[in-house]
Amino acid sequence: MQRKQRVNNNFSGINKIKTAFIEKGILGSATFICSPNCDARANEADISLLVIHNISLPPGKFGGDYVQQLFTNCLNPEDHPYFQEIYQLEVSAHLFIRRNGDIIQFVPFYQRAWHAGQSHFRGKERCNDFSIGIELEGSDDQAFTPEQYEQLTSITISLMRHYPRITADKICGHQHIAYQRKTDPGPEFDWSKYFNALKENLKN
Ligand SMILES: [Zn+2]
């Protein structure tokens with residue numbers, strides 16, 4: 001018997017979007033590039049938080065491969081003065097959403113990506129232990145693109161279905177779990193647009 005499929009070719013709005021399957025910890029719509037900056041979770045069942053970030057390298061410049069070079073420990077400190085400060089950081093995120101909506105996955109969800117650093121959420125420390133980290137290519141002072149909101153919404157729904165402990169009240173920004181150190185995703189990230197799109201799509 002054929003399974004009923006919901007097909008939607010209208011990508012102009014954020015109201016109805018496609019979601020991708022997650023298999024073996026990998027999102028079907030992502031290109032996978034392996035980051036060594038991760039380790040095992042104590043328990044995959046602990047996954048109960050989604051953390052939104054922004055990053056661009058050099059800061060404020062979009063395009064290029066510097067973020068993936070950072071996350072794979074291949075960033076050349078000679079390429080930009082700022083890189084000398086960061087090239088030895090061992091960091092990663094599960095997903096990176098580019099300005100055009102392309103998605104790169106660096107760490108399978110069942111592993112712990114090193115994205116949050118020292119952090120706490122509702123009294124629980126070490127958010128990396130129980131969270132999934134998504135980086136939006138961007139900066140605190142520039143609006144994110146419609147393609148990024150669309151992909152982020154789609155990914156969030158896939159993750160909520162796959163990891164039911166991630167509920168709408170368990171989605172936050174890096175700035176909310178490390179507020180003395182971090183400011184991302186910053187004031188340009190439109191939380192109400194994102195949550196409204198989530199709400200609309202979760203009804204379907
Ligand atoms: Zn961050």
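Two strands are said to pair when DSSP finds at least two bridges between them, and with that in hand we can begin at the centre of today's structure, which is a predicted model. Strand S5, residues 49-55, and strand S11 pair in the parallel sense over seven bridges, and within that pairing Val 51 has Gly 133 as its bridge partner in S11. As general background, the strands of a sheet pair through backbone hydrogen bonds, in either a parallel or an antiparallel sense.

Let me stay with S11 for a moment. How many of the seven residues of strand S11 are buried? Seven of the seven, covering residues 131-137, and so the strand is largely enclosed by the rest of the structure. Ser 131, Gly 133, Glu 135 and Glu 137 point one way from the strand, while Ile 132, Ile 134 and Leu 136 point the other way, and all of these residues are buried. S11 also has a parallel pairing with strand S6, residues 95-97, over three bridges, and there Phe 96 stands opposite Glu 135.

Now we can widen the view to the sheet these strands belong to. It is an open sheet of six strands with mixed pairing, in the order S3-S7-S6-S11-S5-S12. Its edge strands are S3, at 31-32, and S12, at 171-173, each of which pairs on one side only. S6 and S7 run antiparallel and are joined by three bridges, and Leu 95 has Gln 105 as its bridge partner in S7.

Leu 95 leads us on to the interior. The largest nonpolar core has 45 residues, and Leu 50, Leu 95 and Ile 134 are those with the most contacts inside it. The elements giving two or more residues to this core are S5, helix H1 (66-71), S6, strand S7 (103-105), S11, helix H3 (146-162) and helix H5 (191-202). The largest share, five residues, comes from S5. If we take Leu 95 and leave aside its neighbours within four places in sequence, its contacts are Leu 27, Ala 30, Ile 103, Gln 105, Ile 134, Glu 135 and Ile 155.

Next, please look at helix H3. This helix lies across S5, S6, S7, S11 and S12, and it runs at about 170° to S11. Its 17 residues should span 24 Å at 1.5 Å a residue, and the C-alpha atoms at its ends are 24 Å apart, which agrees. Among the buried residues of H3 are Gln 148, Tyr 149, Leu 152, Ile 155, Thr 156 and Leu 159. In general, an α-helix has 3.6 residues a turn, so residues three or four places apart point the same way.

Between H3 and S12 there is a loop, and Asp 169 lies in it. Is Asp 169 buried or exposed? It counts as exposed, because only 12 or fewer C-beta neighbours are allowed for that class and Asp 169 has 7 inside 10 Å. Its C-alpha atom is separated by 8.7 Å from that of Leu 49, although the two residues are 120 residues apart along the chain.

I would also like to point out some details of the backbone. The peptide bond from Leu 57 to Pro 58 is cis, with omega near -15°, and Pro 58 is found in the loop between S5 and H1. The peptide bond from Asp 184 to Pro 185 is cis as well, with omega near 5°, and Pro 185 is found in the loop between helix H4 (174-177) and H5. Arg 122, which is not a glycine, has a positive phi of about 45°; it sits in the loop between strand S9 (120-121) and strand S10 (124-125), and it is exposed, with 9 other C-beta atoms within 10 Å. Arg 126, again not a glycine, has a positive phi of about 55°; it lies in the loop between S10 and S11, and with 14 C-beta neighbours inside 10 Å it counts as partly exposed.

Let me finish with the protein as a whole. Its secondary structure comes to five helices and twelve strands. The radius of gyration is 16 Å, close to the 17 Å that the globule rule gives for 204 residues, so the protein is as compact as a globular protein of that length. Buried residues make up 36% of the 204 residues, and, of the contacts with a separation of 6 or more, 72% are between residues 24 or more positions apart.

How values were computed
Residues are numbered from 1 along each chain as its sequence is written. This is a predicted model: local features need pLDDT of at least 70, side-chain atom pairs count only at pLDDT 80 or more; totals for chains, interfaces and linings use all residues. A residue is buried if 20 or more other C-beta atoms lie within 10 Å of its own, exposed if 12 or fewer, and partly exposed in between; C-beta atoms are placed from the backbone. Helices (H or I, at least four residues) and strands (E, at least two) are DSSP runs, numbered from the N terminus. A nonpolar core is a set of buried Ala, Val, Leu, Ile, Met, Phe, Trp, Tyr and Cys residues joined through C-beta atoms within 7 Å. Two residues are in contact if their C-beta atoms, placed from the backbone, lie within 7 Å. The expected span of a helix is 1.5 Å times one less than its number of residues. Axes are lines fitted to C-alpha atoms, for helices over the stretch in contact, and angles run from 0 to 180 degrees between N-to-C directions. The radius of gyration is taken over C-alpha atoms; the globule rule is 2.2 Å times the number of residues to the power 0.38.
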